[in-house]
Number of protein chains: 2
Amino acid sequence: MNQPLTVNADRLHASLADLARIGATPAGGVTRLALSDEDRQARDLLGTWLRDAGLEPKFDDVGNISAIRPGRESGPPVLLGSHIDTVVRGGRYDGALGVLGALEVIRTLNDHGVETRLPIGLVNWTNEEGVRFEPAMTCSGVVSGRFTPEYVGERTDRAGLRFAAELARIGYQGDAANRPLPATAYLELHIEQGPVLESQNLPAGVVGGIVGITWNEVTITGQADHAGPSPMHLRRDALTAAAEVILGIEQIAKRRDETAVATVGRIAAQPNVINTIPGQVTFSADFRHSDPAVLEQQVQSLHQVVAEVSATRSVEATIERFWTSEPTPFDTRVQDAIRLAAAALGISTGELWSGAGHDAKYLADVCPTGMIFVRSQGGLSHCEAEFSAPTDIEAGANLLLNAAVTLAG
Amino acid sequence: MNQPLTVNADRLHASLADLARIGATPAGGVTRLALSDEDRQARDLLGTWLRDAGLEPKFDDVGNISAIRPGRESGPPVLLGSHIDTVVRGGRYDGALGVLGALEVIRTLNDHGVETRLPIGLVNWTNEEGVRFEPAMTCSGVVSGRFTPEYVGERTDRAGLRFAAELARIGYQGDAANRPLPATAYLELHIEQGPVLESQNLPAGVVGGIVGITWNEVTITGQADHAGPSPMHLRRDALTAAAEVILGIEQIAKRRDETAVATVGRIAAQPNVINTIPGQVTFSADFRHSDPAVLEQQVQSLHQVVAEVSATRSVEATIERFWTSEPTPFDTRVQDAIRLAAAALGISTGELWSGAGHDAKYLADVCPTGMIFVRSQGGLSHCEAEFSAPTDIEAGANLLLNAAVTLAG
């Protein structure tokens, strides 16, 4: 293609604004929990837009919505999508951008009368956030075989309402035959949810994959004692020991490479009173990396740091590694299609991995998958202040359009 | 005195065992909360013992019990005492040793027909622990003028019961005229509640005073963010900042001198979830020292450490210094009387300050005051495992006896 296709940015921004009115919060954000009345309204609006674009939306047994624009051949489609549910007081872009970006791709192909070789489809995955019905990404998980539809149907919210009943209530209980698979590829446009692109002054990025995550619980046991009469050199203070380990965990990530991250998010001290030396401290250690071998090394480093601190400070410690999510590298052919689009469009893109989960993680189990990230102001997401500049959104949508056309042949 | 007087150790141990049966816990400790039925039983037993020793116990308007053994002159007595209330599942010695040590002094003087120049009195202070009725040391506080009897009478326990009502219920509501003042001196025998004497292999110690304490609340504010997509070098992690400050607080005490202590006992992180970088961490900082100038320097050092860490890590911080208890040095004449007794008895004694509060702190406001500490196994107190060896208890009681005789002339 000498002159790459470009989206109608004004129309995309208008649709994003229209969708953001459903569940709008006073401070400029959105609360649109999965299978709520707001979710239904948003789904209905999406259906109207799809029909206006000449497509008929279908919904499957867990409410995933898909619509396929035919190609010259009837092979498996190139799927583009994300989700329209949000967290409580979330932003206008997380999820919505991927679904409405896909809609804009279809509208643009219609505008220009482009016929692709393979079909191009839009998909809206139910309950990506997992805020109302835990865990997250339940319905891309059903399609990829990670969860059964029965398991997902039995999830309940805090009010005790079942997923299956709420899905039926909003009128989006469909048929398993409508699951949007098989697919030639899956491509998801999403805001970055982190500050990397902003720090590199780049509008968008090619996502290399979704990092592996491993969660550990560290418990340090010293000796609780009066804060007054215990000289410093005779103490077995669990909190000062924990402080050393927390700084050690930070160093494990910092001395590895720029992409390694490690976080202590949760901490609890016992007895946690002002005038008693803490006898026990428990805290979490979250390590993330794209390389599974590095992830294992980091857990080993954690054991080493804890052993060193325990020996120096005469405390005891245990480490429980209780959850691991393997790294998910994305398909190189899909990444190359995005890079090709960037070159054709003259858009400078970064290369980064996603530190958070997305529906694309589960789709990668069943088809070639990739993601495009759009710069997010301050790296903020899951909050009302979430913001991406209109020009960045336009750049991301143009990358999605041209990569999709490449993948669809 | 060529041959110093010595107590009847078997009798003292027997009385300690008898008192420990009142409120005894299955694991060998004692629960005898202030103004409980157990406190009444213990008071009644003490009264019987005092009458058996020829003295008539009196009780004042807040239930403090005193009994005076007359001297050749009718001047203000040398008071010996402590408290018989305990914490929940406390030990057999904390408080009891000082009261029964005083009783043993009186019994020994009786045995030997010793007539002192000034009277020697025993006192049992109500509600030293402050566990049932906060704050601690309420009734030595009334006698020294720190609290009004009305304030103390209005204290309520967790069940809403008033101090004054409970004092009347157990039959120990007396007259303000019976307050055990003025006094020539006040001397309190107590277990150490710390490991210093044990670490120095000494049975007992002369207490230089009660350290000053200052309490601070530090709040560090960074930026809460996703644990995944935030590179380490772009984070403003309030918990890693707090960890550095906590280790800095430890160093403030360690690099000062062997008696300086600093403790972070309480910590809370926000939002305190595993996959979010903590945006705010609040923690306490407890500094103790015998020298008020050092205490001020330590608070200044805290400000310096917090300022340095805040600058390095781009976080904000506030420090609220919300409570200070000034250091209370004990009277040198009283300390010398204890040292003289140690020399006469051939007992090796240490010199240390008390890191915890005692009734002696308030008595020091109104008369020359001192304390004798007895070695406590493992430095443990306020627990059922609290233990002091019989020979150490005997040494402490002999120091109390001979120091009291010196002070009474």
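This report describes how two chains of a predicted model meet, and then turns to the domains and some core elements of chain A.

The model is predicted, with local features requiring pLDDT of at least 70 and side-chain atom pairs counting only at pLDDT 80 or more, while totals for chains, interfaces and linings use all residues. Residues are numbered from 1 along each chain as its sequence is written, and chains are lettered from A in the order in which they are written, with ligands numbered from 1.

**The two chains**

A turn of 180° with a shift of 0.0 Å along the axis lays chain A on chain B with an RMSD of 0.0 Å, the superposition being by least squares on the C-alpha atoms of residues with pLDDT of at least 70 in both. This is the relation of a two-fold axis, and the chain A C-alpha nearest that axis belongs to A:Ala243, 2.2 Å away.

Chain A and chain B each bring 48 residues to the contact, where two residues are in contact if their C-beta atoms, placed from the backbone, lie within 7 Å. The largest share of the chain A side comes from α8(A), with 9 residues; helices (H or I, at least four residues) and strands (E, at least two) are DSSP runs numbered from the N terminus. Because 100% of the interface residues of chain A are also interface residues in chain B, the copies meet through the same surface.

**Domains of chain A**

The assignment, which comes from an automatic or database source, gives domain 1 (9-210 + 328-408) and domain 2 (212-325). Their centres, taken over C-alpha atoms, are separated by 38 Å, and 4 residues of domain 1 are in contact with 4 residues of domain 2.

**Buried elements**

In strand β5 (residues 185-191) of chain A, 7 of the 7 residues are buried, so the strand is largely enclosed by the rest of the structure; buried means that 20 or more other C-beta atoms lie within 10 Å of a residue's own, C-beta atoms being placed from the backbone. Its two pairings are tabulated below, strands counting as paired if DSSP finds at least two bridges between them.

| Partner of β5(A) | Sense and bridges |
|---|---|
| β3(A), residues 78-82 | parallel, 3 bridges |
| β16(A), residues 369-374 | parallel, 6 bridges |

A:Leu80 stands opposite A:Leu187 of β5(A), whereas A:His190 has A:Phe373 in β16(A) as its bridge partner.

Helix α12 (residues 390-408) of chain A is also largely enclosed, because 17 of its 19 residues are buried. After α12(A) comes A:Gly409, whose phi is positive, near 80°.

How values were computed
Buried ≥ 20, exposed ≤ 12 C-beta atoms within 10 Å, placed from the backbone.
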